[in-house]
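Thank you for making room for this on the agenda. I would like to walk through one structure, so please have a look at it on the screen before I begin.

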Amino acid sequence: MIDELIKIIEIIKSKIQDGSDVVWTHYETPSEFRDDLDNYIARLKANDKTCLEELNVLFAPTGSLQEHSILNGWTDEYVTIAERFDKVYYNLKM
């Protein structure tokens with residue numbers, strides 16, 4: 001399940017381009033956003049699941065990921081990715 005979560009985060013990271021609008025997220029720049037996602041990936045690769053709650057907040061309704069998707073035109077894809085995240089999150093929390 002960790003590998004699946006890493007894949008999900010990598011998909012999200014690929015959506016955050018240098019020109020992305022991040023005004024409604026809690027990030028100052030797209031680079032800062034991607035760096036944060038890289039940090040989560042590194043922690044998960046080290047089998048550190050302590051970031052699950054932080055990721056859950058990012059994926060929450062009106063969280064930074066949903067806001068980014070709305071601002072940058074990939075809302076429908078985000079919904080599908082968020083559903084995948086919810087399943088993985090649930091399984092990892094069990």
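**From an exposed loop to the core**

Let me begin with Asn47, which counts as exposed because its relative accessibility is 53%. Please keep in mind throughout that what we are looking at is a predicted model. Asn47 sits in the loop between helix 2 and helix 3, and although Asn47 is not a glycine, its phi is positive, at about 60°. The loop between helix 3 and helix 4 holds Thr62, which is not a glycine either and has a positive phi of about 65°. Thr62 is exposed, since its relative accessible area is 61%.

From these loops I would like to turn to the helices, starting with helix 1, which covers residues 2-15. Does its length agree with what one would expect of a helix, and why? At 1.5 Å a residue, the 14 residues of helix 1 should span 20 Å, and because the C-alpha atoms at its ends are 20 Å apart, the two values agree. The buried residues of helix 1 are Ile2, Leu5, Ile6, Ile8, Ile9 and Ile12. Seen down the axis of helix 1, these buried residues fall within an arc of 160°, so they line one face of the helix. The cover over them includes helix 2 (30-45), helix 3, helix 4 and helix 5.

One residue on that list, Ile12, deserves a closer look, and you will find Ile12 in helix 1. Is Ile12 buried or exposed? Ile12 is buried, because its relative accessible area is 1%, and the limit for calling a residue buried is under 20%. Leaving aside neighbours within four places in sequence, Ile12 is in contact with Leu37, Phe59, Leu65, Trp74, Tyr78 and Ile81. As for Asn39, which is 27 residues away from Ile12 along the chain, the C-alpha atoms of these two residues are separated by 13 Å.

Let me move to the other end of the numbering of our helices and take helix 5, residues 75-93. With 19 residues at 1.5 Å a residue, helix 5 should span 27 Å, and its end C-alpha atoms are 26 Å apart, which agrees. Within helix 5, the residues Tyr78, Ile81, Ala82, Phe85, Val88, Tyr89 and Leu92 are buried. When one looks down the axis of helix 5, its buried residues fall within an arc of 130°, so here too they line one face of the helix. On the other side of helix 5, Asp76, Lys87 and Tyr90 are exposed. Among the elements covering the buried residues of helix 5 are helix 1, helix 3 (52-59) and helix 4 (64-71).

That brings us to the core. In soluble globular proteins, nonpolar side chains tend to be buried together. In this model, the largest nonpolar core has 28 residues, and Leu5, Ile9, Ile12, Leu37, Leu44, Leu55 and Phe59 are those that touch the most other members. Helix 1, helix 2, helix 3 and helix 5 each supply at least two residues of this core. Which helix gives the most to this core? The answer is helix 5, with seven residues. To take one of the well-connected members, Leu44 touches Ile2, Leu5, Ile6, Ile9, Cys51 and Leu55, if we do not count residues up to four places away in sequence.

Next come the aromatic rings, for which the count comes to five aromatic pairs. One of them joins Tyr27 and Phe33, and this pair is stacked, with 4.1 Å from centre to centre and 15° between the planes. By contrast, Trp74 and Tyr78 form an edge-to-face pair, at 5.9 Å centre to centre and with 75° between the planes. Both Trp74 and Tyr78 are buried. Ring pairs also link Phe59, Trp74, Tyr78, Phe85 and Tyr89 into a cluster.

I would like to finish with a charged side chain, that of Arg34, which lies in helix 2. Is Arg34 buried or exposed? Arg34 is buried, because its relative accessible area is 18%, and under 20% is what buried requires. Not counting residues up to four places away in sequence, Arg34 touches Lys13, Ile16, Gln17 and Asp18.

Methods
Residues numbered from 1 in each chain as written. Predicted model: local features only at pLDDT ≥ 70, side-chain atom pairs only at ≥ 80, totals over all residues. Heavy atoms only, no water. Helix = DSSP H or I, 4+ residues; strand = E, 2+ residues; numbered from the N terminus. Buried < 20%, exposed > 50% of the residue type's maximum accessible area, 1.4 Å probe, protein only. Contact = heavy atoms within 4.5 Å. Expected span 1.5 Å × (residues − 1). Arc of directions from axis to C-beta. Core = buried A, V, L, I, M, F, W, Y, C linked by side-chain atoms within 4.5 Å. Phe/Tyr/Trp six-rings, centres within 6.5 Å; stacked < 30°, edge-to-face > 60°.
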